[in-house]
Structures are given as C-alpha cells and as structure tokens.
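Reader: I should like to learn how contacts to a ligand and the burial of a helix are read from a model. Please take me through one example.

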Amino acid sequence: MQYRFLGKTGLQVSELSLGSWLTFKKQVDVQAAVEIMAAAYDQGVNFFDNAENYAYGRSEEVMGAALKQLNWRRGSYLVSTKFYWGLHDTPNEKNTLNRKYLIEAINGSLKRLELDYADIIYCHRPSKTTPIEETVWAMHNIIEWGKALYWGTSEWAAAEIVEAINIAERHHLHKPVVEQPQYNLFEPKRMQGDYVRFYKEYNYGTTIWSPLASGMLSGKYSKGIPADSRGGIKGNEWLHKHFTDADNLSKVAALTEIADGLGCTTAQLAIAWCLQNPFVSTVITGASRVEQVQENMKASEVSAKVTPEIKNRLDEIFEVREKEEEE
Ligand code: NDP
C-alpha cells in the first residue's frame with residue numbers, strides 16, 4: 001500500500017481506504033464489518049470513512065462495535081465522520097451546519113463510534129442557512145476541545161472552501177484541509193476546472209467517493225441487476241436508471257475489454273484510473289464482502305498499468321475531456 005499526504009497536512013492516508021455508506025448495518029453486520037475492516041487493514045488501509053446519517057447513525061454503531069472487537073492501536077488508524085443532514089426532524093437539527101447542531105452531532109458520533117476523538121470531520125454539504133463564519137468557528141472549537149483532529153468539506157464549491165479558509169486565516173482558526181468529492185469515470189467534474197486550480201493553489205487534500213459509481217464500474221450490471229448487489233436492495237431503486245442505461249453499459253463493456261487486455265478486473269482498472277490523479281489523496285472504496293476488498297486493494301498494483309495512452313483511451317470512452325471543456 002502506498003500512502004499520500006492529506007493535502008498540506010502532515011497526515012498520511014493509505015491511497016485506498018474504506019467507507020461504510022449503504023453497507024454497514026444495511027448489508028454488513030458487526031461480524032462482517034470486523035472481517036471487511038480487518039481485510040482492508042491487513043492490506044495497509046489506515047483510513048475508515050463514515051457519516052452521522054449513514055443508516056441513521058447505525059453505520060457508526062456498527063463501525064464502533066467492530067473497532068472495539070478489532071482492538072487496534074488508536075494511533076494506527078484514522079476514522080472520519082460527516083455532518084449536515086442530521087438525525088432529528090427539528091428546525092435546528094437537519095440540513096444545517098449551525099453551531100448547536102455541530103456540537104451535538106460530534107458528541108453523538110463519538111458515542112456511537114465509541115471513540116474519544118474523530119480524526120477528520122467533514123461538513124457533508126454546504127449549508128444555505130448558516131453563515132460560513134459560524135461553521136468555521138464551531139469546527140475550530142471541536143478541534144480545540146480535542147474531539148476531532150482535522151476538518152474538511154464535502155461537495156462544496158471551490159469558492160465556498162476559499163471563503164472558509166479566508167475566515168479561518170483572518171481569525172487564526174483551524175482551517176479546513178480536505179474536500180470529499182464524488183470522482184469516478186462517469187463523474188469527473190469535481191476534479192476539473194475551478195477545482196483543479198483550487199487544489200493546486202491551496203494544496204487541499206481530497207478523499208474521493210464512489211470510485212466504482214456504486215458498483216457500476218465493476219461490470220456487475222452488464223446482464224441486469226443481481227439480487228445480491230447494491231442495486232438489488234430495497235430502497236436503492238433510485239440507482240436503477242444509472243445501472244441499466246444503455247450508454248453507461250456500453251462504456252463499461254469497453255472498460256472491461258481494456259481491463260481484460262491488461263490482465264486485471266474491471267473494478268481494479270476503474271479504481272486505478274482514480275489513483276492516477278495526483279490531486280487524489282485517497283480513494284474511498286466500498287465493499288459488501290471481504291472478496292471485494294481483496295480485489296479492490298490490488299488496484300494499487302494496477303495503477304502502474306494506467307499509462308498516459310490507457311488513460312487517454314479511458315477518458316475518450318467516458319468522454320471525460322468533453323466534460324472538462326464544458327466547465
Ligand atoms: P463504490 O462506488 O466503490 O461502490 C461500492 C459498492 O460496489 C460495494 O458496496 C459493492 O456493492 C460494489 N463493489 C465493490 N467492489 C466490487 C467489486 N470488486 N466487484 C463487484 N462489486 C463491487 O463506493 P461507494 O459508493 O460505496 O462509496 C465509497 C465510500 O465513499 C462510502 O462508503 C462513503 O464512505 C463515501 N461516500 C461519501 C459521500 C459523500 O457525500 N461525501 C457519498 C457517498 C459515499 P454490492 O456488493 O452491494 O453490489
């Protein structure tokens with residue numbers, strides 16, 4: 001496993017990491033989580049991603065119980081969580097980044113994770129109703145109280161992140177250091193245009209999500225939606241359009257052909273494509289079973305096969321350049 005610095009911090013993250021969205025609690029119970037996390041950790045993964053709202057807090061409970069069983073040295077791994085949507089339907093506790101919500105949210109997450117502190121906490125989305133200054137102060141205080149070590153943003157506009165950094169600099173507060181954007185062959189835009197200029201200028205870290213576009217880029221949906229897949233699970237019907245789209249399927253078929261030629265799996269090549277981007281600090285993978293972890297972790301070895309020629313072919317197939325020009 002290779003490690004990359006998280007932006008300009010002194011913190012190193014494994015270039016492949018593991019997240020719990022739609023898996024922990026829903027598909028993966030505590031015992032399975034122990035096995036999946038152990039498989040990742042044994043391959044050198046040191047970063048595990050979660051969020052308050054995943055399975056309404058239960059994903060954090062599963063990870064917390066798994067960590068307790070695994071009993072790893074706290075210094076050897078990183079855990080992150082994210083706040084915005086909230087768990088309660090009251091005016092101050094949903095779709096917000098207000099100070100009161102954030103303080104209650106970190107306390108709740110630490111309890112569910114059974115941890116003294118989180119390594120990274122993210123503002124899961126920008127808030128339309130909270131001044132950025134209020135959020136920056138609250139995140140700073142949470143860090144000062146030792147409840148988290150670093151903070152970041154997820155799916156914020158580059159201009160919003162710059163505003164947060166400027167506020168923090170003005171008041172000598174802890175600055176956000178990392179963005180968590182979606183990034184995969186179908187969705188490259190948050191690593192293009194304004195974002196690239198921003199990542200370069202500020203040396204901001206990125207922990208990118210859904211490298212397989214929810215599993216689509218593994219090729220598993222080529223013959224319909226398997227019952228035991230993310231697409232087959234009740235509640236995930238919103239993903240069906242994406243999994244059955246003829247254009248998407250033909251792009252994935254072309255990806256599989258190139259992967260076959262390189263002697264790797266479709267999923268490994270899709271993840272390796274993410275890894276070749278120098279602005280990516282870590283690729284957060286997802287897995288519903290141990291075999292997927294074992295397959296996906298080999299993407300590190302495959303990344304050397306993503307030569308500029310292979311990258312260009314993939315970019316052409318998925319029209320990555322075209323989207324870049326539209327920015
Ligand atoms: P992926 O796009 O990699 O999808 C993971 C899913 O694909 C797995 O759960 C599994 O689903 C399937 N899969 C994984 N590997 C393979 C394989 N080798 N062969 C076949 N199928 C495979 O990642 P996620 O969408 O799960 O996102 C990763 C993480 O990113 C999340 O866990 C979360 O931590 C973070 N995230 C952050 C968001 C944000 O807003 N900040 C939003 C979403 C995610 P199955 O077996 O059930 O088909």
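Author: Let us begin with the ligand; please note that this model is predicted. A polar contact is a pair of N or O atoms within 3.5 Å. Here, a polar side-chain atom of Asp49 lies 2.6 Å from an oxygen atom of the ligand. For Gln27, the distance from a polar side-chain atom to a ligand oxygen atom is 2.7 Å. Ser154 places a polar side-chain atom 2.9 Å from a nitrogen atom of the ligand.

Reader: How much of the ligand's accessible area does the protein cover?

Author: The ligand has 910 Å² of accessible area on its own, and the protein covers 97% of it. Among the 34 residues around the ligand, those that come nearest are Gln27, Asp49, Ser210, Lys220 and Ser288.

Reader: Turning to helix H5, is Ile161 buried or exposed?

Author: Buried means under 20% relative accessible area. Ile161, which lies in helix H5, has a relative accessible area of 0% and is therefore buried. Ala158, Ile161, Ala164, Ile165, Ile167 and Ala168 are buried in H5.

Reader: Which elements cover the buried residues of H5?

Author: The cover includes helices H4 and H6 and strands S7 and S8. Leaving aside neighbours within four places in sequence, Ile161 is in contact with Thr153, Trp156, Glu179, Phe198 and Tyr204. One of these, Phe198, is 37 residues from Ile161 in sequence, yet their C-alpha atoms are 9.1 Å apart.

Reader: What follows H5?

Author: His172 follows H5, and its phi is positive, near 55°.

Note on methods
Residues are numbered from 1 along each chain as its sequence is written. This is a predicted model: local features need pLDDT of at least 70, side-chain atom pairs count only at pLDDT 80 or more; totals for chains, interfaces and linings use all residues. Side-chain values use heavy atoms; hydrogens and water are left out. Buried means under 20% relative accessible area, exposed over 50%, partly exposed in between (1.4 Å probe, protein chains only). Helices (H or I, at least four residues) and strands (E, at least two) are DSSP runs, numbered from the N terminus. Contact means heavy atoms within 4.5 Å. A residue is near a molecule or strand if one of its heavy atoms lies within 4 Å of it. A polar contact is a pair of N or O atoms within 3.5 Å; within protein, one must be able to donate a hydrogen and the other to accept it, and residues adjacent in sequence count only if both atoms are side-chain atoms. Accessible areas come from the Shrake-Rupley method with a 1.4 Å probe; for residues, only the protein chains shown count as cover.
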